[in-house]
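Trainee: I have the chains open in front of me. Could you walk me through how copies meet?

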There are 4 protein chains.
Amino acid sequence: MFNTFGSIFRLTSFGESHGAGIGGVIDGCPAGLVLDEEFIQAELDKRKPGSAHAGLAGTTRKEADRVKFLSGVYEGKTTGTPLAFFVENSNQKSGDYVKLAYTYRPGHADRAYDEKYGFRDPRGGGRSSARETIARVVGGAVAQLYLKEHGINVVAYTEAIDGIYANNFGAFSLDACEKRLFFAPNEEVIPHWQERIEEVRNNLDTLGGIVSIEAHGVPAGLGEPVFQKLDACLSYALMSVGAVKAVEIGAGTKAATSRGSQNNDAMYYENGKLCYTSNNAGGIEGGISNGQPILLKAYVKPIPSVAKEQKTVSREGENVTLSIGGRHDICAIPRIVPVLKAMVSITLMDMFLLQKRMNKGNDF
Amino acid sequence: MFNTFGSIFRLTSFGESHGAGIGGVIDGCPAGLVLDEEFIQAELDKRKPGSAHAGLAGTTRKEADRVKFLSGVYEGKTTGTPLAFFVENSNQKSGDYVKLAYTYRPGHADRAYDEKYGFRDPRGGGRSSARETIARVVGGAVAQLYLKEHGINVVAYTEAIDGIYANNFGAFSLDACEKRLFFAPNEEVIPHWQERIEEVRNNLDTLGGIVSIEAHGVPAGLGEPVFQKLDACLSYALMSVGAVKAVEIGAGTKAATSRGSQNNDAMYYENGKLCYTSNNAGGIEGGISNGQPILLKAYVKPIPSVAKEQKTVSREGENVTLSIGGRHDICAIPRIVPVLKAMVSITLMDMFLLQKRMNKGNDF
Amino acid sequence: MFNTFGSIFRLTSFGESHGAGIGGVIDGCPAGLVLDEEFIQAELDKRKPGSAHAGLAGTTRKEADRVKFLSGVYEGKTTGTPLAFFVENSNQKSGDYVKLAYTYRPGHADRAYDEKYGFRDPRGGGRSSARETIARVVGGAVAQLYLKEHGINVVAYTEAIDGIYANNFGAFSLDACEKRLFFAPNEEVIPHWQERIEEVRNNLDTLGGIVSIEAHGVPAGLGEPVFQKLDACLSYALMSVGAVKAVEIGAGTKAATSRGSQNNDAMYYENGKLCYTSNNAGGIEGGISNGQPILLKAYVKPIPSVAKEQKTVSREGENVTLSIGGRHDICAIPRIVPVLKAMVSITLMDMFLLQKRMNKGNDF
Amino acid sequence: MFNTFGSIFRLTSFGESHGAGIGGVIDGCPAGLVLDEEFIQAELDKRKPGSAHAGLAGTTRKEADRVKFLSGVYEGKTTGTPLAFFVENSNQKSGDYVKLAYTYRPGHADRAYDEKYGFRDPRGGGRSSARETIARVVGGAVAQLYLKEHGINVVAYTEAIDGIYANNFGAFSLDACEKRLFFAPNEEVIPHWQERIEEVRNNLDTLGGIVSIEAHGVPAGLGEPVFQKLDACLSYALMSVGAVKAVEIGAGTKAATSRGSQNNDAMYYENGKLCYTSNNAGGIEGGISNGQPILLKAYVKPIPSVAKEQKTVSREGENVTLSIGGRHDICAIPRIVPVLKAMVSITLMDMFLLQKRMNKGNDF
């Protein structure tokens, strides 16, 4: 297994959903960073089951999810040595899962996992559990502390749920979005999403949506021209989150139906400053950041655990039906937002350090 | 710079568009593989300027692009030692480029490259040149030779050009698509694409499209459950090709508007064989291949080098206009198809070796 | 910083000597291994301050050093997911160290560390503390559990202390050496070593020695012919332990004064089995194990913390004198033995998995 | 196989002794370095069969060994893109080797290679051939060009041949050593070495020796405190050269019989400059360079190809005798000196770039 992400700022994730807890080790974090544990905990709280952002979409499980740092901090600052952290599991109902152990849940990793490894921890998906993303959110929060110090601000919000686009209901105010229900970019869309979620829940079904992640203040020069393109690394980061089925940068899918003259972002100087007329590139040209905001979208599939009865098979080779009750989310959206934000933050941090460590000019 | 791709089957790419040539080293290729140089050359010919597939979309440059292997082959078979290869450059018109040296071409890496490195080889984009993809196509062809021996077949074709979808004009016959103009999945769409390209060319503009890549015969078990998810690795591979602005797996963007009960691929046993009712997952569940075909789409932006006059800036900080004549493609589509196929092939080869080297059951 | 060791079986080490504790994450451990925590704790106890093996050579600090696993184990067996572990610090006397904070201790990393990082955690050397080796011993113990299952036995013992060679006093019985004081290969040498250590202690000085590490049952085929030579990897492993100043394989330094006809290990068949007349190669030819025992020696320098007064400098640039009291070891030897054994075990485990995952014959 | 060395300055080596040639790709070389091809060729000439340095010790083969760069250079300077190079093989007498194909040569990789891979290119050892070191010498020469620009000078010389130490015959003048026969550190020892070599040659045998490598001008701060210790990396580099059986740093093996008070290098300030009274540490403390010269020694075994008759076995399992005539070296020493120098240079370059890219102070 490969449980490390990043090349300079490296996050190694460990832990199971039904073991002692979830943790991680961050190696390569610069020294001297004020480790604002309150901020980190707040980021973690955003993905917590039953978080204020989840509204009716979330599970009813309540978990404390308190992060504790085990190393790498001295008098409130990072020392540059590995930052290890741990979040204890508290509310484990393995019983809920054991009955599923021998039934392959459609849309889950169950069967592929069995095919790969020949066996499977029946308790909640093991490493395939969404609970593993705790380590990512903590890693991302540490990255954000550093990025903020360097003028880079990552923001993530829900663009659409089940085809209901927020921009049809009002303008966006990104500053406030992380405080709103569903990480909505405006207030107006919220009741529409709530209504739809309620309807789908009553229908014993689940729904998906689109998450936008933007990074402002990213300097030009991040990313490599051949393989470690910034957009390639960001796609890898987003696609490494379970439910994401498509990723786009800037104009994204729309670029495929644009003409070159439309899609190109024209440049001009105004008051000695280079400006772009548009940002179809999403802040990345030739794999390298160009100083414009980085614009990403992730398309999130509906939660596969539906209460509706589904046809499926057992591990033993029988055709069976399955209806997944339990305490599952109706929509991954609110809880996946901080995870996607974290993955983008870790990637930008890694690429920022990589670039920072090279000298502009004669040395790369 | 990082010019190596892959973890076990590793391709290191070198060379510039206007230097001696383009080459690569493949380290980690299994020994005993019959190195069918004719097949490899044929794959390379598909991305060649002026290739039969390009129709009116391609540049008029003619380059021999003959691949020569420098090591790792003995009596026609790989020896397991590094496979080095080289493709000489023959038709270099640096003059065409030098006049562009100090003008930032919109939609190109020019400015970001300058911001990153502080200097730039003015001749044709250096490592950012599409000519670098020669190394990828050779690497991909070697991977395909191995994959074929193991029953895996990768096919790539054009799904749409400028919003004209092939499936509106006829059924797909994928076996023949690599022999057709534009790698079209049916004959019927070809005149429509030709007409549109002709129209856009007369309009001094360029256009984009959508490429599908499918892998059939991929066994279940490829990919890792946390970070090296197969879909994440494939996204990284596709996004590392210049013009790609969005990537999707299976249902992709459509998954964001599906309900869980629709989007889940139900399983059932028929004659003792596990079957799926659909393939919205695109052959990957929880980051691991499930034995169904891998289905990928790449959204390709229009070529940024347009003959139409564009506003842009010079390196020295002036506002200028630019009209790019030269021998440029109108549409990246036909030539990018073998490159995307190659990147998917290299990734699958790498993940296949990774998985093959682990034992199902007690050891991973 | 780089705190990860290994390529398949990867140990990431974290923690400081005067923080919450020392821990690690092992990624890439095969699933299904019985995690014998008693054995692991016993290995850890061997390096413990005040261990039975240390005799008069050790420090008088007493630390519980209990290892606790945080993930990767289910019903007593590894699951193949990351194995995280933690050992709490209990007996921290930072005060002892703070007075040293601004004096560069000769023979320590103090000044080089300051030159590199510009600052230094004054409490006990931070990551340069020998206490960091706790993570290595735990990692090595897990590796040994696996190696044993595959017939590979790693043994480490003290060859000489301060020039007093054990083989001058009696034959070796390696089976018992790990139970003896100083990990001595025979009983006879022990009083001589004790006497010398006592003498040197009274003289306010410290002493060094030679540690042998042998691996029996290693199959032929481990290691790579060019860069990842088995001997190169083992040298790296041993030299990554603080006090080691020279490493040799097989005949080692003596090979430099042998003739080819003497130094070559002649081969012959006896009863259909390939035998060697000698093992000057130390079990490694051309970087690849040949099936003979792996024979390594590490030359360990005397502990630099001497009670005798030394001339040195302060961080502020003054010439000062320093006499290091505290609870320091007189000789690294007994406590370094399990660490060197662990590093060899981790390296062999890593190379074993690497080789195991390739197929003899057509595929490497 | 793993044919890449280094983490930032990465050399990928390819080619076989009896194929088209030997080459390599250097990725991560800073841009703007004047690529003095004359210097590089001169370094390569030093390891050439029949080189002026080899005297009577070398083989009588003559090979042109001209290095040709294929990419990464523009107007005589590196561009920061991959530097690929190739050295054609010219004088291949596979016939000499074919008769050895089925006899395992004692002291060679033959049998271990067969055990590992199940097959072997019979022509001259394939990748295990010493000819592979051509790629290392070219890589090392490029590294030296950069290191020199930064005030770092690497020098390598022969300390002893067959137990005859140069320092018994005269003082050392390292400036001249690379021009002398055998890379001797003084003129006086040369006739003694020549005489001994002649004697051993007449005796149909071979001999070994000791090579010293020193690096002057290395700034403090290179290397990492835990795993990527500078001494560990240098040991790995030296041990990755075929004939090396022991490696030492500074006092090396002698440290094992020193007392702490002797072995410590005391520090003092003189005229505001920090000085050391000795250099037993060999310039490395706690894995980090301390600004003193780096002092390394490699113990080289005698060439295993002896003309004297040896007992050995065939691949088919028979006991046979073998006498290796051919055009083999009597002593690896003169030709291994530039290779060891190259490996140290590449390692220092890599660690220098790694450290250069971090900021002293708050950021590592």
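Trainee: Through which surface do chain B and chain A meet?

Mentor: Contact means heavy atoms within 4.5 Å. Here 100% of the interface residues of chain B are interface residues in chain A too, so the two copies meet through the same surface. Keep in mind that this is a predicted model, where local features need pLDDT of at least 70 and side-chain atom pairs count only at pLDDT 80 or more, while totals for chains, interfaces and linings use all residues. Residues are numbered from 1 along each chain as its sequence is written, chains are lettered from A and ligands numbered from 1 in the order in which they are written, and side-chain values use heavy atoms, with hydrogens and water left out.

Trainee: What turn lays chain B on chain A?

Mentor: Two copies of a chain are related by a rotation about an axis and a shift along it. For chain B on chain A, it's a turn of 180 degrees with a shift of 0.0 Å along the axis, and the RMSD is 0.0 Å. Such fits use least squares on the C-alpha atoms of residues with pLDDT of at least 70 in both copies.

Trainee: And what rotation superposes chain C on chain D?

Mentor: A rotation of 180 degrees, with 0.0 Å of shift along its axis and an RMSD of 0.0 Å. That is the relation of a two-fold axis. The same surface serves both copies, as 100% of the contact residues of chain C recur in chain D.

Trainee: How much area is buried between chain C and chain D?

Mentor: Buried area is the accessible area (1.4 Å probe) that two parts lose on being put together, summed over both. Between chain C and chain D that's about 8600 Å², with carbon and sulfur atoms giving 60%. On the chain C side, Lys116(C), Phe227(C) and Lys245(C) lose the most area to chain D, together 10% of what that side buries. As for contacts, 108 residues of chain C touch 108 residues of chain D.

Trainee: How many salt bridges are there between chain C and chain D?

Mentor: Look for a side-chain nitrogen of Lys or Arg within 4 Å of a carboxyl oxygen of Asp or Glu. The count between chain C and chain D is two. Arg259(D) forms a salt bridge with Asp162(C), and their closest N and O atoms are 2.8 Å apart.
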